[in-house]
Every structure is written in structure tokens, then in C-alpha cells.
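Please look at the sequence and the structure below before reading on. The report then goes through the main features in turn.

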Amino acid sequence: MNYVLHHNEYVKDSEVNIDIQDRGYNFGDGIYEVIRVYEQRPFTLDMHINRLIQSAKKLDFSLPIHAETLKKQLAGLVNRNQLKDGIIYVQMTRGISPRNHLYQRNEQPIITAFTQQYTKDESLTKKGIDVWITDDIRWLRCDIKTINLLGNVMAKREATDHNCHEAILHRAGTVTEGSSSNIFVVKESTLFTHPATNLILNGITRQLIFELAKQSNLRIKEEVFSVEQLHQAEEAFITSTVMEIMPIRSINSDIKKTLEIGPITRKLQALFQDLIKK
């Protein structure tokens, strides 16, 4: 039996009740984080909780408990569920109130979290994935990790319908990110990725790539690039908490482009695995 963290208590997942007046249920008025667990240890937990706090601040509410308390609760959930390798999903909604577009500032935010087993597909990590190019139809505050994910899920469905693993999004030809990932391209031994503006989520793994690149003297630039430039890339990969560093082997749309999984991608993959082990 798995347990869920809900209202500061560990509850059996079969016994969790979500109030129909929860603003997350009615409006998607909430935020979330997905935290990777390796060998029963939450990875980059501090970074995830800090981003959760920042997302809440941008939506005009805050954690109902101290951040350190939440970290202990999530670690306790991992132990209670005996999760060795997988993820923690933690969600915070603005709270419960009669349905009204206008929110009040005295509502009590609600935190819910659960764990899920996950095993990485090593074959994909080695051989890469196929991606599908499509329009970015999301709202203009993609920097907030909100539970409003309709644009993302529609893009993911479209990619899957074209036998691809991920959708790469663009706004009027400018590549932003994936439906559930950030994207990097390599050109002339330099890494390029979209700047951390309101148009993308500043992924935790994305941030780690900057640290690893700096440590390894790899050139990296936050600079916009076009779909056309994506097709001209020498290497490309996506990053996310779940997929880590995933090479792109083909780009699909009206034009198809096949990519090699190059030395920079492989080097970063190795450095990332070393970071996990540490």
C-alpha cells in the first residue's frame, strides 16, 4: 500500500479525498514539482523546493509550512513507501473556496505529494529519441511550473501520434523548449539553449548543465535559435528531471533531419551520472 502526503499527514492513497472546491480542481490554480529519487535519496531537493517557492510567489501565494519541514515530509514519504528509484510528485494549490475567478489572499494552500517508481530506459539514453516540431500554443508565463499543462499534453499527444518521443515547441519559428523538457543544440563546439525568460521553464537539469559545462570548459550560450538552425545542429539533446540528458537522433516535421549522438552530449551524460553518484 502506498502512502500520499496530504494536509501534512501520510494517508493511504486509497483514502485520499480531494475537495471539489479546491481551486486546483476548478481552475488549475496551483503549481508542482517532480523530484527524482536515486537509491532512496531525493536528488537536487533544495533546488526543486526553491523553485516551488518561486512559482508560488509569482502566483501570489506561499508555502503553508516551512521549507525544511516540507523537505523532511517528502523524505519521510520516500521512506514510508520504500521507494528506491523513482520520482516524488509534489503539488500545491491555492486552497479551497467557493468557485469564483477572483481569489482571496487568506486561503490556506494545500500540499499533496505521492511517489512513483521509475526505471530509466537505458537503450534510449544510448541511441537517442525522435522529436516532433510543433507550434508552442501555451500561455506566456511558462517560467511558472503550474499544473495548467493543456498545451503541453496536447503537444505530447501530437508527437506520439507521429511516432516521436517528445514535441519540440516553437513560437513563430523560434524554438522554445520541449513539451516536458528543455532543449540544447550544439554548433561549432558551442552549446545553445533558449534564455531563461517567461517563455520557458528554467529546468533544474537545465541549470545543472550550465554548471557541468562551466566545470568542463565547454562553451555555452543562452541564445534564441530558429527551427532552421535546429535542423543545422551538429548535436541536440533534451533535459528533464525524469529523462536526465536525452540525445535527439531525429527531428521530424515537414523536413526530417537525422543527428549523430556526438561527443559533447556523451561527455555531459557521463558528467551528469557522476553528479548523481556523488
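The sections below describe strands, a helix, a surface patch and one residue in a predicted model.

## The six-stranded sheet

One sheet in this model is open and has 6 strands, in the order β2-β1-β6-β5-β3-β4, with antiparallel pairing. Its edges are β2, residues 9–12, and β4, residues 41–42, and each of these edge strands pairs on one side only. A helix also packs on this sheet: α2, residues 45–58, touches β3 (30–38), β4 and β5 (86–93). The direction of α2 makes about 175° with that of β3.

As an example of the pairing, take β1 and β6. Strand β1 covers residues 3–6 and strand β6 covers residues 110–117, and the two pair in the antiparallel sense over 2 bridges. Within this pair, L5 has A113 of β6 as its bridge partner. As a general point, strands of a sheet pair through backbone hydrogen bonds, and the pairing is either parallel or antiparallel.

## Strands β7, β8 and β14

Parallel pairing appears around strand β7, which spans residues 129–135 and is mostly covered, with 6 of its 7 residues buried. Strand β7 is joined to β8, residues 166–171, by 5 bridges, and these two strands run parallel. In this pairing, I133 stands opposite I168 in β8.

Strand β7 also pairs with β14, again in the parallel sense, over 4 bridges. Here the bridge partner of D130 is S250 in β14.

## Strand β13 and its partners

Strand β13, residues 235–240, is mostly covered, and 6 of its 6 residues are buried. Its two faces can be listed separately: E235, F237 and T239 lie on one side, while A236, I238 and S240 lie on the other, and all are buried.

Strand β13 pairs with β14, residues 244–252, in the antiparallel sense over 4 bridges. A hairpin through 3 residues joins β13 to β14, and S240 has E244 of β14 as its bridge partner. Strand β13 is also joined to β10 by 5 bridges, and β10 and β13 run antiparallel. In that pairing, V186 is matched with E235 of β13.

## V185, a residue in β10

V185 is found in strand β10, which covers residues 182–187. Is V185 buried or exposed? Its relative accessible area is 5%, and because buried means under 20%, V185 counts as buried.

Leaving aside neighbours within four places in sequence, V185 is in contact with T190, L191, F192, F225, L230, A233, E235 and A236. Of these contacts, E235 and A236 are also among the buried residues of β13. V4 is 181 residues from V185 along the chain, and the C-alpha atoms of these two residues are separated by 38 Å.

## A nonpolar patch on the surface

Which residues form a nonpolar patch on the surface? They are I137, L150, V153 and M154, and together they have about 450 Å² of accessible area.

One of these residues, V153, lies in helix α5, residues 150–161. The relative accessible area of V153 is 45%, so V153 is partly exposed, a class that lies between the 20% limit for buried and the 50% limit for exposed. V185, in contrast, is buried, with a relative accessible area of 5%.

Notes. Residues numbered from 1 in each chain as written. Predicted model: local features only at pLDDT ≥ 70, side-chain atom pairs only at ≥ 80, totals over all residues. Heavy atoms only, no water. Pairing = 2+ DSSP bridges. Contact = heavy atoms within 4.5 Å. Axes fitted to C-alpha atoms, helices over the stretch in contact; angles between N-to-C directions. Patch = residues over 30% accessible without salt bridge, like charges linked within 9 Å, V, L, I, M, F, W, Y side chains within 5 Å. Areas by Shrake-Rupley, 256 points an atom, 1.4 Å probe, with all protein chains shown as cover. Salt bridge = Lys/Arg side-chain N within 4 Å of Asp/Glu carboxyl O. Buried < 20%, exposed > 50% of the residue type's maximum accessible area, 1.4 Å probe, protein only.
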